[in-house]
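Visitor: I should like to learn how the features of a protein model are read, one at a time. May we begin with the question of what lies inside and what lies outside?

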Amino acid sequence: ADHGILLYNATAPSSVLRNTVHNTSLEGILVEGSANATVNNNIVYNTGRDAIAFYNSAKATIIGNLIGYSSAGVSAGTDNIFGDGILLVDSDGDATKSAKIQGNYITETHNVVDNKGSGIQLINSDYVLVGSDGNGVNDANEGNKITNAYWDGIRAVADTAAGNVIIRGNTITGMEQVGVFTSRMSNVIIDKNTITSVGDNVILHHPSEPHGAITAYRGSDVVIKNNIIDDVTGHGIYMNDVGGLNSRADKNTISNVSEDGIRIKDMERAVLESNKITDAGADGIHLLNSSNVMVGGVPLSEGNNILRVGDHGIEIDGGDNNYAHSNKIDAAGINGIYVHNAATNIRAIGNIIRNINDGTGVFAEDSSNVEATSNWIYASKEGVHFDNIQGDNNHIHDNRIQDIENNGVTVEYGSVIDISKNRISDIGGDGTSDGSGGTTDN
C-alpha cells in the first residue's frame, strides 16, 4: 500500500479510530487539508515514511496511538518507522483550541538524513500541546512515551517563526540526538519531562558545539522548568541565541551529563534558578558571550545547587552584567566561580562554595568591574583570586573564607580593588596577598 489511510481535504471534522496499519510504502496515516481531524487509538508500524502525518490541517487531535509497536508493549522491530512517529507541518491550533498530541507510545523511528526520524516533530505549527495540559486530571496518562528514536524525541522548528507550544509531562529515552529540540520558536514551555539516555550521536553531528538533552535555538521566551535529565552525551540544557524577556531555566534536575549541566550562549537575558546539577563532565553552568543573566536569585532557596562537576561550578565567559547569586557549589574540579575573557560588570554574591580542592572559590581574570561579596568559601585550595581586573568598581568584601590551603585572597596586577570586611581564618598561605608575598590585615 502507499498510504495506509489518507484523509484529504475533509470539509467536516473526521475521525480515524482504532485501526491497525502496517507495511506501507508511504505514511501510515496521512491527513492533509482537513481541519479538526482526530486520529486516536490506532496501531501503526512498519511504514516507509512517517507513521502519522498532518499537513495544513488545523486543530488536530492525536491521542493514544501505538507507533512502532505491533501491540501494546511489543515492538514491531528495530527501525520499523522510516520517518517521524508523528509529524505536524503547517498545522496550527489557536488561542481557543490547541492541536493536541497526548498519550502516544512511540518507538523505533529511523531515517538516513538529518532532522528526520524524531518521535514527534512540529514544523511551522503554532498553538500545539504535546503531552499533559497540567490541569491535574489524568496528567500522567497524557504524556507521550518515546523510546529509541533516530533523531530527537520531540522537535519543534520553524522556517521563520512559530510558537505557543507546550511540551509537558513526556517520557523520552534512548534518543540518538536530544530529548527536546526547538528552533526559531517563541513562547514555548518545556515542563516536567523526564529525559534519559540521550545524545549517543550528538557529538558526531555537532562536533564543534554539542547540543543538550533540551536544546533551544533562536526564537524567544523559552521556559525550561521542572524537567528531570539524566545520562546525557552533551549538555543537560543548551540555550543558544534565544531572545525575549522571559527565557529561563528553573527547577530542573540534571545529572550525569558529559558536558555542561546548563550552557547559555549568545543571549541577552535569562534567569537560571533553583536547578540541581550533579556529575557534569565540564561546568555546572556556563555563560558564553551572554549578558544580563541571573544565575541564582534571592533568597538562597532560589540559588542553583551544583555538586561534583569536572571543571567550574559556574563559568562566566565574556558578556556584561551577569550575576551569580546565592548558589551552592560543592566539589568543582577547577574553580567554584570562574570569570574571564573580558567579562564586565560581574557580581558573585552570597554563594556557598566548598571543596574546591585544586582551584579557587572565586577566580576572576582579564575582566573588569568584578565584585565578590558575602560569599562563604571553605575547605578549598584558595579563596578569592583577582588577576588583571580593570575598571573602578571592583570589590572583595564581606566574604567568609576559612580552611584554605593557600591564600585567602590574592590580587595580581589590575586596577583599584576594594578589599574589606572579609573574615579569613585557618589559612595555609597568606590571609590577603597582593601578589608580591605581602599580607594585608583584613
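**Reading the features of the chain**

Visitor: Is Y150 buried or exposed?

Guide: Y150 is buried, because its relative accessible area of 18% falls under the 20% limit for that class. Please keep in mind that this is a predicted model. W151 is buried as well, with a relative accessible area of 4%.

Visitor: How is a pair of aromatic rings described?

Guide: Two values are used: the distance of the centres and the angle of the planes. In this structure, a search of the whole model finds three aromatic pairs. One of them joins Y150 and W151: the ring centres are 5.8 Å apart and the planes meet at 40°, so the pair is tilted.

Visitor: What does the chain amount to in terms of helices and strands?

Guide: The secondary structure of the chain consists of two helices and 49 strands. Along the principal axes, the C-alpha atoms fill a box of roughly 85 × 40 × 35 Å. Of the 442 residues in the chain, 55% are buried.

Visitor: How much area does the chain expose?

Guide: The exposed area of the chain is about 16,300 Å², of which carbon and sulfur atoms supply 45%. At a smaller scale, one may look for patches. F82, V112 and V113 form a nonpolar patch on the surface, and together they have about 260 Å² of accessible area. F82 belongs to strand β12, residues 81-82, and counts as partly exposed at 32% relative accessibility.

Visitor: How does one study the surroundings of a single residue? Which residues does T215 touch?

Guide: One begins with its place in the chain and then lists its neighbours. T215 is found in strand β23, which covers residues 212-217, and it counts as buried at 1% relative accessibility. Leaving aside residues up to four places away in sequence, T215 touches V178, V180, F181, T182 and Y238. The side chain of T215 also reaches the backbone nitrogen of G212, at 2.8 Å.

Visitor: What share of the contacts joins residues at least 24 apart in sequence?

Guide: Among contacts between residues at least 6 apart in sequence, the share is 61%.

Visitor: How many salt bridges does the count come to?

Guide: A salt bridge is recognised by a side-chain nitrogen of Lys or Arg within 4 Å of a carboxyl oxygen of Asp or Glu; the count here comes to 12. In one of these, the side chains of K59 and D94 meet at 2.9 Å, N to O. K59 lies in the loop between β7 (52-55) and β8 (61-63), and D94 in the loop between β13 (86-89) and β14 (99-102), so the pair ties together parts that are 35 residues apart in sequence. K59 is partly exposed at 21% relative accessibility, and D94 is partly exposed at 24%.

Visitor: Where do the partners D279 and R308 lie?

Guide: D279 forms a salt bridge with R308, with the closest N and O atoms 2.9 Å apart. D279 is in strand β31 (residues 276-280) and R308 in strand β34 (residues 305-309), so the pair links distant parts of the chain, 29 residues apart. D279 is partly exposed at 27% relative accessibility, and R308 is partly exposed at 42%.

Visitor: Which residues are linked in a network of salt bridges?

Guide: D50, D84 and K116 are linked in such a network.

Key: Residues numbered from 1 in each chain as written. Predicted model: local features only at pLDDT ≥ 70, side-chain atom pairs only at ≥ 80, totals over all residues. Heavy atoms only, no water. Phe/Tyr/Trp six-rings, centres within 6.5 Å; stacked < 30°, edge-to-face > 60°. Buried < 20%, exposed > 50% of the residue type's maximum accessible area, 1.4 Å probe, protein only. Patch = residues over 30% accessible without salt bridge, like charges linked within 9 Å, V, L, I, M, F, W, Y side chains within 5 Å. Areas by Shrake-Rupley, 256 points an atom, 1.4 Å probe, with all protein chains shown as cover. Helix = DSSP H or I, 4+ residues; strand = E, 2+ residues; numbered from the N terminus. Polar contact = N/O pair within 3.5 Å; in protein donor to acceptor, adjacent residues only side chain to side chain. Contact = heavy atoms within 4.5 Å.
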